[in-house]
Structures are given as structure tokens and as C-alpha cells.
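Dear colleague,

I am passing on a structure for you to look at before we next talk. Please open it first, and then read the notes that follow with the structure beside you.

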Number of protein chains: 2
Amino acid sequence: MTDTEVVSTWRELSARHAAIVSDLERELQEHHELGVSEFEVLDRLVEGICLSPNGKFRVQELAAGVSLSQSALSRLIARLEKSGFVMRSMCSDDRRGVFVNLTDAGRIRHSEALPTQRRVLRAHLEPESAATTG
Amino acid sequence: MTDTEVVSTWRELSARHAAIVSDLERELQEHHELGVSEFEVLDRLVEGICLSPNGKFRVQELAAGVSLSQSALSRLIARLEKSGFVMRSMCSDDRRGVFVNLTDAGRIRHSEALPTQRRVLRAHLEPESAATTG
DNA sequence: ATGCATTAATTGCTTGTGCATTGAATGCAT
DNA sequence: ATGCATTCAATGCACAAGCAATTAATGCAT
């Protein structure tokens, strides 16, 4: 693999990512007042309900999913809590930890936003939709 | 293509991007005191020398390459100028426009940083290097 | 039990980014 | 030539992100 190939692969990846994030950001913000990262966290929490009986997650467990620093995630969760989409609670077995779980409002908002996200992703990632992405 | 496939493709793309940017940021910063975006702009300028005889570019021409807003690019160029890597000059034919061109220091810094960038990209994008990325 | 290193999460601070606005220059229509 | 919409780049402002320091709790060694 030549340098040129590596670089062009990287630029393609990078441009693709930027385009998708930009679209997602606009659409999610406009239709659901959610940022991309906010949606991501709600998404992980919804997914996790299947795994965790009570739907509660440690902050660090969420960090693994979204590519954010610890501090960014902490503030993001604070914003989500302020918006009423999640709740934070102490975990009894390790009192340093904090449990995060969805509220009804959070579940609802996520379910509303999900189709929007899927639509944008399809527009960019569906093989044949490259031409129809108007 | 199922929703699940689209979403997992997106997550893979996203995680890949985040990992590469993170590594690039660290390595470029540590070894060359350059941010990823800063390097990108220098890189475009160097490339462009082949195309433009005098190596001068309009700000908006650079904007096409890097995925940044116009204002972000404006400030980025200001930072690069302050660091002595580029110069801004009026363009005579359209006095709204601003020409940007590399200085010697900019060319040198870019040539020093280039191998670092290539190394990081290879580590992530070379097929066989997945295991050897220590 | 006490001290010390470690881990979880939050907070202070700085910086980079985007949106909207501004200021300047251009081009076009009248 | 004059007026007006448009374009280029810079700037005010608000906000999100990362790093480093902080606070609180845990675990381990003595």
C-alpha cells in the first residue's frame, strides 16, 4: 500500500465522517433538539436496557460506547439530566460510581429521533442512495 | 441493507475516525506542536504548490479541502500566521479575497510532521498492521 | 485500624468550533 | 454613475471538548 493510497483512504474516511456528522447534527438539532453526542448516549442507554435489568449504567460504561473524554461525558450527562432525559443516582455497592438511567421523556425523545438518525445514515451509507441523496 | 447493518457500519466508521484523530492529535502535538487541522492546512498548501505557480491560495479554496467552517478556517489561518508558518496577503484582482501561502518555516515544519502523520495512518489503515500497532 | 496508591466522577480553565453578524469589495441592473 | 443584492473574510458570542486538578470512595499493605 503506497503512501498515496493510505492518505487518500484517510481523506475519504475523514470527509465521509464529517459529512455524516454534519448532516446528523443539523437534522437531529432541527427536528428533535438533540446533538449527535446526546443522541448517541440516549441510544446506548436504550440498547442497554436489553442487557441491564434496571437499565442503569455507570458513567464509565457509557464512555466506552461514545468516543468522549470522561469530563465531556460527565457534562453531557449533566445536560441530559437538566433536559429531563436521564436521571443520575448513587450506586450503593460502589459509592464513587454514578448510575445513569433513562426517564420516560428520554425514551420518548429517543424513539422520535431514531427514524431521523436512520434516515440520515441510510442516505449516506446505503450503496444505491449515493445518487438520490438530495 | 438492514437498519442494524447501517448502524453498525456507521459506528465502525465513527470509532475508526475517532481513534485515528486521537492518535494523530497526540503524535502531531507531541512531536511537532501541530494540531490535526493545522497539519491538514499545511498539507493542502504543500500539495497545491504543484498546481498553483506561486503557491498562493484563497481562503475559500482551502476550505474545500478541510472540513471546517469558514470562520474556523479563518482563525486557523490566523494561528498559523502567528506561528510563522503561513503568510496572508491581499489579492489584487479581488480585494475581498486573501491569499495564503507557506513560509519556509511552514514548509519545514510540514516536512518534519509528514512522516509522523504517515506512520500513524499506516498503523491504523494498513491491512496487516492491525496487530503490530503497538 | 492507618496510611497510601488507585479509581470514579466532577469542576476550573483554556481552547477550538459553529452560527450569526459585520465590513469591505464586487457585479449587475437601471 | 447609483443603488442593491451577493460574496469574501473577519469577528462577537455561545458552547462543547480536553487536560489537569479536585473530591470522594475503595482496596491493599502494614
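**Contacts with DNA strand D**

A polar side-chain atom of A:Arg79 sits 3.3 Å from a phosphate oxygen of DNA strand D. Please keep in mind, as you read this and everything below, that the model is a predicted one. Another phosphate oxygen contact to look for involves the backbone, since a polar backbone atom of A:Arg95 is placed 3.2 Å from a phosphate oxygen of DNA strand D. For B:Gln70 the partner is a base, with a polar side-chain atom of B:Gln70 lying 2.8 Å from a base nitrogen of DNA strand D.

If you widen the view, you will find 22 residues around DNA strand D, and the ones that come nearest are A:Ser69, B:Gln70, B:Ser74, B:Arg75 and B:Arg88. On the DNA side, 59% of the atoms of strand D that come within 4 Å of the protein belong to sugar and phosphate. Sorted by class, the protein surface near DNA strand D is made up of 10 charged, eight polar and four nonpolar residues. Both protein chains take part through helices: helix H4 (70-82) of chain A, and helix H3 (59-65) and helix H4 (70-82) of chain B, each supply at least two residues of this surface.

**Where chain A meets chain B**

The two protein chains also touch one another, and the contact draws 28 residues from chain A and 28 residues from chain B. The size of an interface is often given as the accessible area lost when the parts come together. Here chain A and chain B bury about 2600 Å² between them, with 62% of that area on carbon and sulfur atoms. Of the area that chain A buries against chain B, 27% comes from A:Trp10, A:Arg11 and A:His17, which is more than any other three residues supply.

Charged and polar pairs are found across this interface as well, with eight salt bridges and 11 residue pairs in polar contact, counting pairs in which both residues have pLDDT 80 or more. One salt bridge that you can locate joins A:Arg118 to B:Asp3, where the closest N and O atoms are 3.1 Å apart.

Which helices of chain A each supply at least two residues of the side that touches chain B? They are helix H1 (3-32), helix H2 (36-48) and helix H5 (104-125), and H1(A) gives the most, with 14 residues. By class, that side of chain A holds 12 nonpolar, 10 charged and six polar residues.

With best wishes

Technical notes. Residues numbered from 1 in each chain as written. Chains lettered and ligands numbered in written order. Predicted model: local features only at pLDDT ≥ 70, side-chain atom pairs only at ≥ 80, totals over all residues. Heavy atoms only, no water. Contact = heavy atoms within 4.5 Å. Buried area = accessible area lost by both parts, 1.4 Å probe. Salt bridge = Lys/Arg side-chain N within 4 Å of Asp/Glu carboxyl O. Polar contact = N/O pair within 3.5 Å; in protein donor to acceptor, adjacent residues only side chain to side chain. Helix = DSSP H or I, 4+ residues; strand = E, 2+ residues; numbered from the N terminus. Nonpolar A, V, L, I, M, F, W, Y, C, P; charged D, E, K, R; others polar. Near = heavy atom within 4 Å.
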